[in-house]
Amino acid sequence: MPPDTSPERPSVPTLEVPSTPSGAEPPDAAEGASSPADGHDEALKHLTSVLTRHLAPLANTIARHADRLVDAPDPKRRRESAMDVLAASAQIDDLLAALRHYSRPVDASAQRVPVANVVEDTIGLLDDTAQTRVRMKVEPEADAPIDADPALLRQALLNLLQNGLEATTAPETVLLRAARTDAAPQVAFEVWNDGEIELDDPSVVFQPFYSARPQHLGLGLPIAAHIAEQHDGSLRLTTNSVADGGTCFTLQV
């Protein structure tokens with residue numbers, strides 16, 4: 001990860017992430033294109049598969065520990081099982097919340113918010129251990145209010161931070177940096193970690209339900225990208241090379 005002590009970090013190559021594969025024809029323009037009904041069926045099958053993969057283990061966990069709650073005579077064992085049930089229930093709540101947010105996104109309500117406050121408040125949403133692993137840097141030229149929905153912007157940045165932390169082995173840190181480049185009116189929020197996405201096509205990480213981690217639904221980046229679009233901005237993978245400092249996702253709003 002590039003050090004955050006110098007504001008004059010050299011520019012890095014930008015990997016644009018298109019919404020559709022380069023050179024791909026629209027479905028209705030391709031020979032033998034599928035009907036809308038076929039596309040709907042495939043989407044439904046995919047969603048069913050994703051939900052089954054994520055919810056079935058959680059349902060099994062709840063059922064298993066519910067049986068222990070009924071049968072275990074030891075209060076300590078009952079308490080441990082109850083905590084496991086609550087943890088699995090919380091994971092289900094998180095999955096459903098992500099699906100609701102993705103399928104019915106909240107309209108942005110812009111207001112004037114200081115950039116430094118957004119950065120600090122986002123880090124404050126992490127647990128205490130995670131907070132110690134995040135470095136923040138707000139460049140002087142970016143330290144001014146912007147027009148944005150603070151809740152949505154925090155959500156987008158939180159998704160990026162959580163991805164970065166999970167891709168970084170403790171005690172290594174993640175950098176959240178806010179800057180303006182080339183006198184642009186928009187602010188670029190960069191989230192850096194030391195790793196590298198080892199995929200032939202890194203753009204797949206922006207596809208809904210794609211995740212390299214089985215426990216994740218794969219909606220964090222798509223939701224963050226949509227929030228950026230709501231602010232007339234963008235979310236890009238701007239660096240993906242250990243030699244260039246690691247992985248950097250840039251949310252520009």
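1. Is Ser 241 buried or exposed? In this predicted model, Ser 241 is buried, because its relative accessible area is 19% and buried means under 20%. The residue is found in strand 6. Apart from neighbours within four places in sequence, Ser 241 is in contact with Glu 196 and Gly 246.

2. Strand 6 belongs to an open sheet of five strands, whose order is 2-4-5-7-6. The pairing in this sheet is mixed. Strand 2 (134-138) and strand 6 (234-241) are the edge strands, each pairing on one side only. On average, and with direction ignored, neighbouring strands of the sheet are turned by 15° against each other.

3. Within the sheet, strand 4 (residues 174-179) and strand 5 (residues 188-193) run antiparallel and are joined by five bridges. One of the residues to look at here is Ala 179, whose bridge partner in strand 5 is Ala 188. As a general matter, strands of a sheet pair through backbone hydrogen bonds, either parallel or antiparallel.

4. Helix 6 packs on the sheet, where it touches strand 6 and strand 7 (246-252). The direction of helix 6 makes about 130° with that of strand 6.

5. Helix 6 also has a helix as a packing partner: helix 5 (residues 150-166) packs with helix 6 (residues 220-230) at an angle of about 145°. The axes of helix 5 and helix 6 are 9 Å apart, and helix 5 passes helix 6 in a left-handed crossing.

6. Which residues make this contact between helix 5 and helix 6? From helix 5 come Leu 152, Leu 153, Gln 155, Ala 156, Asn 159, Leu 160 and Asn 163. From helix 6 come Gly 220, Leu 221, Ile 223, Ala 224, Ile 227 and Gln 230. By type, the residues of the contact of helix 5 with helix 6 are eight nonpolar, five polar and no charged.

7. A further residue to check is Leu 95, found in helix 2 (residues 75-103). Leu 95 counts as buried because its relative accessibility is 10%, and the cut-off for buried is under 20%. With neighbours within four places in sequence left aside, Leu 95 is in contact with His 54, Leu 55, Leu 58 and Leu 217.

8. How many residues apart along the chain are Leu 95 and Leu 219? They are 124 residues apart along the chain, while their C-alpha atoms are separated by 9.3 Å.

Notes: Residues numbered from 1 in each chain as written. Predicted model: local features only at pLDDT ≥ 70, side-chain atom pairs only at ≥ 80, totals over all residues. Heavy atoms only, no water. Axes fitted to C-alpha atoms, helices over the stretch in contact; angles between N-to-C directions. Helix = DSSP H or I, 4+ residues; strand = E, 2+ residues; numbered from the N terminus. Left-handed = near helix turned anticlockwise from the far one by under 90°. Contact = heavy atoms within 4.5 Å. Nonpolar A, V, L, I, M, F, W, Y, C, P; charged D, E, K, R; others polar. Pairing = 2+ DSSP bridges. Buried < 20%, exposed > 50% of the residue type's maximum accessible area, 1.4 Å probe, protein only.
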